[in-house]
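Reader: Could you take me through this model before I start working with it? I would like to talk about charged pairs and about confidence.

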Amino acid sequence: MNRRRRRPHAAAAVTVACALAVLAAPALTLQAAAAPLPPPPSAPKKTLEEVRTEIEELYHQAAAATDAYNLAEERTATQSAEIVRLARMIEGGRKRIDTLKAEAGAAARAQYRSGGIPQSAQLALAGDPQLYLDTAGRLREGAKATTDLLGELTRAQAELDTYASEAGDNWTKLEADRVRQAAATKEINEKIAAAKKLESELAAEERERLRRLEEQARQRAQTKWLDTGILDELGADSTAEGRKAVEAALAQVGKPYVWGAEGPDSFDCSGLTQSAWAAAGERIPRTSQEQWRLLPRVQPKDMRPGDLIVYYKDASHIGMYIGDGKMVHAPRPGRDVTVAGAGSMEILGIVRPS
């Protein structure tokens, strides 16, 4: 009896305990949520030298992408001109085929009017030997003309097919280079935007210090280059064309760098050298990489004013030697065409346009 009476009390006690646990749970959860999270570990602040190096690398990558853009643009222009030329050839070929077909049709109609009997057969049936002899030569000439007409028609059609195939190939290349241009444009803009963002995050005093660091790095490289004794080996003589190219390049000092620009108001590095040498009467490739690849190379000790100095392992920058250990170049976005030490950057080699 007593055992039965205690059971309801035990069950009630369990129910109350469970209810208290349920009621307490939200309070505990709120307490846990209200507790502040520990702050994430902050990234160590970059030194100004590290920022300078990063900015320089971003502009270097932008310069390499600019070369890719310029090459694709040059090829696009060439392919477009070739497609126009081929289109004219195709149009001319079609007109020629129409003319040849008209001539062949006229010959066929003449034969139909004669009853379908070849002229040679008609002549033999005429029973006049003298007439046969007099006309036989003309008949041979006519047969040869017909054969030549058919041969020319065949050749014209083959040429037309070739022009159409070449135009198709050039169109495919044109589209591929347009894709390369678009990709290079995107990369250039991204790299330049990233470099500008890094620089904009600096205080005015830090930006000034950054400029001084850039200049000091250039001066250290120039001093190291001069310490090799290179100036003792170099002469000041140049060709008439070289002097004209130097004058043309120096006349652009102070104009802004703009990627893809060839003048007259702004330039990129290879646009400047190409434009200067064009003023001297010499056509050279558009990009720094193509100038390095295609122009004759010279030894550093033989360098003379007007020669082009190619920088970095990927030939992504170029300037023009002007003598006395100096060069003129279009440095990078945010800078103007300027005179600098010829050894102020990593030299890959020297080429000579003329």
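Author: What follows is a short conversation about salt bridges, one helix and the confidence of the model.

Author: This is a predicted model, in which local features need pLDDT of at least 70 and side-chain atom pairs count only at pLDDT 80 or more, while totals for chains, interfaces and linings use all residues. Residues are numbered from 1 along each chain as its sequence is written, and side-chain values use heavy atoms, with hydrogens and water left out.

Reader: OK, how many salt bridges does the structure hold?

Author: There are 17 salt bridges, each being a side-chain nitrogen of Lys or Arg within 4 Å of a carboxyl oxygen of Asp or Glu.

Reader: Where do Arg52 and Glu56 lie?

Author: Both are in helix α2 (residues 48–113), 4 residues apart, or about one turn of the helix, where helices (H or I, at least four residues) and strands (E, at least two) are DSSP runs numbered from the N terminus. Their side chains meet in a salt bridge at 3.2 Å, N to O, and a network of salt bridges links Arg52 and Glu56 with Glu49 and Arg218.

Reader: And is Arg52 buried or exposed?

Author: Arg52 is buried, with a relative accessible area of 8%, whereas Glu56 is partly exposed at 32%; buried means under 20% relative accessible area, exposed over 50% and partly exposed in between, using a 1.4 Å probe and protein chains only.

Reader: Different spot now: which residue forms a salt bridge with Glu214?

Author: That is Arg335, with the closest N and O atoms 2.8 Å apart. The pair links distant parts of the chain, since Glu214 is in helix α5 (residues 204–226) and Arg335 in the loop between β4 (326–329) and β5 (338–341), 121 residues apart. Both Glu214 and Arg335 are buried.

Reader: What else in α5 is buried?

Author: Besides Glu214, the buried residues of α5 include Leu210, Ala217, Gln222 and Trp225. As for its length, the 23 residues of α5 should span 33 Å at 1.5 Å a residue, and its end C-alpha atoms are 33 Å apart, which agrees; the expected span is 1.5 Å times one less than the number of residues.

Reader: Last topic: what is the mean pLDDT of the protein?

Author: The mean is 81, and 76% of the residues reach 70 or more, on a scale of the predictor's confidence in each residue from 0 to 100. Over residues 1–33, however, pLDDT stays under 50, and the model has 0 contacts there beyond four places in sequence, a contact being heavy atoms within 4.5 Å. Where pLDDT is low, the predicted coordinates should not be read in detail.
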